Amino acid sequence: MDARSPTVLSYPELVAIFADIFQYTDTLTAETSPDDVATWDSLQHIALIRTLEMTYSIRLSMDEMMEIRSVGDIENVLRRHGV
């Protein structure tokens, strides 16, 4: 794999979530972070958390909410919840 190739997401539905919450339609990778998504601020982070909880029928702890700093972090949290 080319070092510049995007990683394959374990949860492809995150693409739709990011488009809906952040209006972000560029390539989403595990490394995508608030540095890449201009609208990923603290208020939109809460909207992201709420959408993740509703979409995957999970409840995130405050520590997990704070842990999420990239798409890869979201995938790690979802895996821990058995999603």
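## A guided tour, starting at Glu 64

Select Glu 64 to begin: at a relative accessible area of 12%, this residue counts as buried, because the cut-off for buried is under 20%. Glu 64 sits in helix 3, which covers residues 62–67. Show its surroundings and, setting aside neighbours within four places in sequence, you will find contacts with Arg 59, Val 77, Arg 80 and His 81. Please keep in mind throughout that you are looking at a predicted model.

**Colour by confidence**

Before going further, colour the chain by pLDDT. The mean for the protein chain is 91, and 92% of the residues reach 70 or more. Now pick residues 1–5, where pLDDT stays under 50. For that stretch the model has 1 contact beyond four places in sequence.

**Select residues 15–73**

UniProt, in an unreviewed entry, places the feature "domain: Guanylate cyclase" at residues 15–73. With that range highlighted, you have a stretch that is 54% helix and 0% strand. The C-alpha atoms at its two ends are 15 Å apart.

**On to helix 4**

Next, select helix 4, residues 71–80. Which of its residues are buried? They are Val 71, Gly 72, Ile 74, Glu 75, Val 77 and Leu 78. Val 77 is also one of the contacts of Glu 64, where the tour began. The cover over the buried residues of helix 4 includes helix 1, helix 2 and helix 3.

Zoom in on the N-terminal end of helix 4, which is capped by Ser 70. Draw a distance from a side-chain oxygen of Ser 70 to the backbone nitrogen of Gly 72, and the value is 3.4 Å.

Then move to the other side of the helix. Just after helix 4 comes Gly 82, with a positive phi of about 75 degrees. Gly 82 is exposed, its relative accessible area being 62%. For a sense of scale, join the C-alpha atoms of Gly 82 and Leu 28: these residues are 54 apart along the chain, and the atoms are separated by 22 Å.

**Into the nonpolar core**

Hide the surface and show the side chains of the largest nonpolar core, a set of 22 residues. Which members touch the most others? Leu 14 and Phe 18 do. Helix 1, helix 2 and helix 4 are the elements that give two or more residues to this core, and helix 1 gives the most, with 5 residues. As background, nonpolar side chains tend to be buried together in soluble globular proteins.

Centre the view on Phe 18. Apart from neighbours within four places in sequence, Phe 18 is in contact with Gln 23, Tyr 24, Leu 28, Val 37, Trp 40, Leu 48, Val 71 and Ile 74. Two of these names, Val 71 and Ile 74, will be familiar from the buried residues of helix 4.

**Aromatic rings**

Now switch on ring centres and planes. The structure holds 4 aromatic pairs. How do the rings of Phe 18 and Trp 40 meet? Their centres are 5.4 Å apart and their planes stand at 80 degrees, so this pair is edge-to-face. Phe 18 belongs to helix 1 (residues 14–22), while Trp 40 is in the loop between helix 1 and helix 2 (42–56), so the pair ties together parts 22 residues apart in sequence. Both Phe 18 and Trp 40 are buried. Add Phe 22 to the selection and you have a cluster: ring pairs link Phe 18, Phe 22 and Trp 40.

**Along the loop between helix 1 and helix 2**

Stay in this loop and select Thr 32. Is Thr 32 buried or exposed? It is buried, with a relative accessible area of 3%. A polar atom of the Thr 32 side chain lies 2.9 Å from the backbone nitrogen of Thr 29. Not counting residues up to four places away in sequence, Thr 32 touches Tyr 24, Thr 27, Val 37, Trp 40, Ser 70 and Val 71. Ser 70 is the cap you visited on helix 4.

Gln 23 lies in this loop too, and its phi is near 55 degrees, a positive value in a residue other than glycine. Gln 23 counts as exposed, at 56% relative accessibility.

**Last stop: Ser 57**

Finish in the loop between helix 2 and helix 3, where you will find Ser 57. Ser 57 is another non-glycine residue with a positive phi, here near 50 degrees. Its relative accessibility of 68% makes Ser 57 exposed.

Conventions. Residues are numbered from 1 along each chain as its sequence is written. Side-chain values use heavy atoms; hydrogens and water are left out. Rings of Phe, Tyr and Trp (its six-membered ring) pair if their centres lie within 6.5 Å; planes under 30 degrees apart count as stacked, over 60 as edge-to-face and the rest as tilted. Helices (H or I, at least four residues) and strands (E, at least two) are DSSP runs, numbered from the N terminus. Buried means under 20% relative accessible area, exposed over 50%, partly exposed in between (1.4 Å probe, protein chains only). pLDDT is the predictor's confidence in each residue, from 0 to 100. Contact means heavy atoms within 4.5 Å. UniProt positions are given in the numbering used here, feature names are shortened, and annotations may be inferred rather than shown by experiment. A nonpolar core is a set of buried Ala, Val, Leu, Ile, Met, Phe, Trp, Tyr and Cys residues joined through side-chain atoms within 4.5 Å. A polar contact is a pair of N or O atoms within 3.5 Å; within protein, one must be able to donate a hydrogen and the other to accept it, and residues adjacent in sequence count only if both atoms are side-chain atoms.
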